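Me: I have not seen this structure before. Please take me through it in questions and answers.

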Amino acid sequence: MGSVIRPVCKCNSNFSSLYAGCGFSDWDEVCNVPTPCFHCQTIFTRNLYNKVLKCPKCRRVVHPYGEVVDFNNDMEEVFSWSFQFNKKYQLLRKKFTCPVCKEEKLSFIKEAMWD
Ligand SMILES: [Zn+2]
Ligand SMILES: [Zn+2]
């Protein structure tokens, strides 16, 4: 029960599709969200339930895109995920900073649902 989302940026960097969300069996332990590493210039997913998120390549501490907000927030989103009581993780339909060109030109498109 998640989504396949793909980062796209004006600079035409070739980002791969990401599996965001989690499987049915581990929904309260795993919530994979898109996370950039500005050092490696790449985007991957990390588990939001981990206290400290690190890049799988360079092991630097990284911060995910999106945020945890109140559940009844109804701004336009690409992807959201219930996260603890009354909260959800939300990836808004807006521009984010690209790890390659460092400009606020990166957005996410939804490619598919999966479970
Ligand atoms: Zn890295
Ligand atoms: Zn870019």
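Reply: The turns below go from the whole chain to its strands, its core and a few single residues.

Me: What pattern does the chain follow along the sequence?
Reply: The model is a predicted one. The chain has zero helices and eight strands. Read from start to end, the pattern is therefore β-β-β-β-β-β-β-β.

Me: Why does the chain count as compact as a globular protein of its length?
Reply: The C-alpha trace spans about 35 × 30 × 25 Å along the principal axes of the chain. For 115 residues the globule rule gives 13 Å. The chain is as compact as a globular protein of that length because its radius of gyration is close to that value, at 14 Å.

Me: What share of the residues of the chain counts as buried?
Reply: A residue is buried if 20 or more other C-beta atoms lie within 10 Å of its own. Of the 115 residues of the chain, the share that counts as buried is 28%.

Me: Among contacts between residues at least 6 apart in sequence, what share joins residues at least 24 apart?
Reply: Two residues are in contact if their C-beta atoms lie within 7 Å. Among the contacts in the chain that join residues at least 6 apart in sequence, the share joining residues at least 24 apart is 41%.

Me: Which strands stand at the edges of the open sheet of three strands?
Reply: This sheet has the order 5-7-6, and its pairing is antiparallel. From one strand to the next, the twist averages 35°. Two strands have a single partner each, so one side of each is left without a neighbour in the sheet. These edge strands are strand 5 (67-70) and strand 6 (77-82).

Me: Which residue stands opposite Trp81?
Reply: Strand 6 runs antiparallel to strand 7 (residues 87-92), and five bridges join the two. The residue opposite Trp81 belongs to strand 7 and is Tyr89.

Me: Which elements give two or more residues to the largest nonpolar core?
Reply: In soluble globular proteins, nonpolar side chains tend to be buried together. Here the largest nonpolar core has 13 residues, and those with the most contacts inside it include Leu18, Phe79 and Tyr89. The elements that give two or more residues to this core are strand 2 (18-21), strand 6 and strand 7.

Me: Which residues is Val33 in contact with, leaving aside its neighbours within four places in sequence?
Reply: Val33 is among the residues with the most contacts inside the largest nonpolar core. Leaving aside neighbours within four places in sequence, its contacts are Ala20, Thr45, Arg46, Leu48, Pro64, Gly66 and Tyr89.

Me: Is Leu91 buried or exposed?
Reply: Leu91 has its place in strand 7. Beyond four places in sequence, its contacts include Pro34, Phe79 and Phe108. There are 23 other C-beta atoms within 10 Å, so Leu91 is buried.

Me: Which residue stands opposite Cys37?
Reply: Strand 3 and strand 4 pair over six bridges in the antiparallel sense. In strand 4, the residue opposite Cys37 is Thr42.

Me: Which residue takes a positive phi in the hairpin of strand 3 and strand 4?
Reply: The hairpin has four residues between its strands. In the loop between strand 3 (32-37) and strand 4 (42-47), one residue has a phi near 55°, a positive value in a residue other than glycine. That residue is Gln41.

Me: Which residues does Gln41 touch, not counting those up to four places away in sequence?
Reply: Gln41 is partly exposed because 14 other C-beta atoms lie within 10 Å. Cys98 is 57 residues away from Gln41 in sequence, but their C-alpha atoms are 8.3 Å apart in space. Not counting residues up to four places away, Gln41 touches Pro99 and Val100.

Me: Does Lys102 count as buried or exposed?
Reply: Lys102 lies in the loop between strand 7 and strand 8 (106-114). Its phi is near 65°, a positive value in a residue other than glycine. With 12 C-beta neighbours inside 10 Å, Lys102 counts as exposed.

Me: What separates the C-alpha atoms of Arg60 and Leu91?
Reply: Arg60 is in the loop between strand 4 and strand 5, and it is exposed, with 12 other C-beta atoms within 10 Å. Cys37 and His39 are among the residues that Arg60 touches. Arg60 and Leu91 are 31 residues apart along the chain, and the separation of their C-alpha atoms is 23 Å.

Note on methods:
Residues are numbered from 1 along each chain as its sequence is written. Chains are lettered from A and ligands numbered from 1 in the order in which they are written. This is a predicted model: local features need pLDDT of at least 70, side-chain atom pairs count only at pLDDT 80 or more; totals for chains, interfaces and linings use all residues. Two strands pair if DSSP finds at least two bridges between them. Axes are lines fitted to C-alpha atoms, for helices over the stretch in contact, and angles run from 0 to 180 degrees between N-to-C directions. A nonpolar core is a set of buried Ala, Val, Leu, Ile, Met, Phe, Trp, Tyr and Cys residues joined through C-beta atoms within 7 Å. The radius of gyration is taken over C-alpha atoms; the globule rule is 2.2 Å times the number of residues to the power 0.38.
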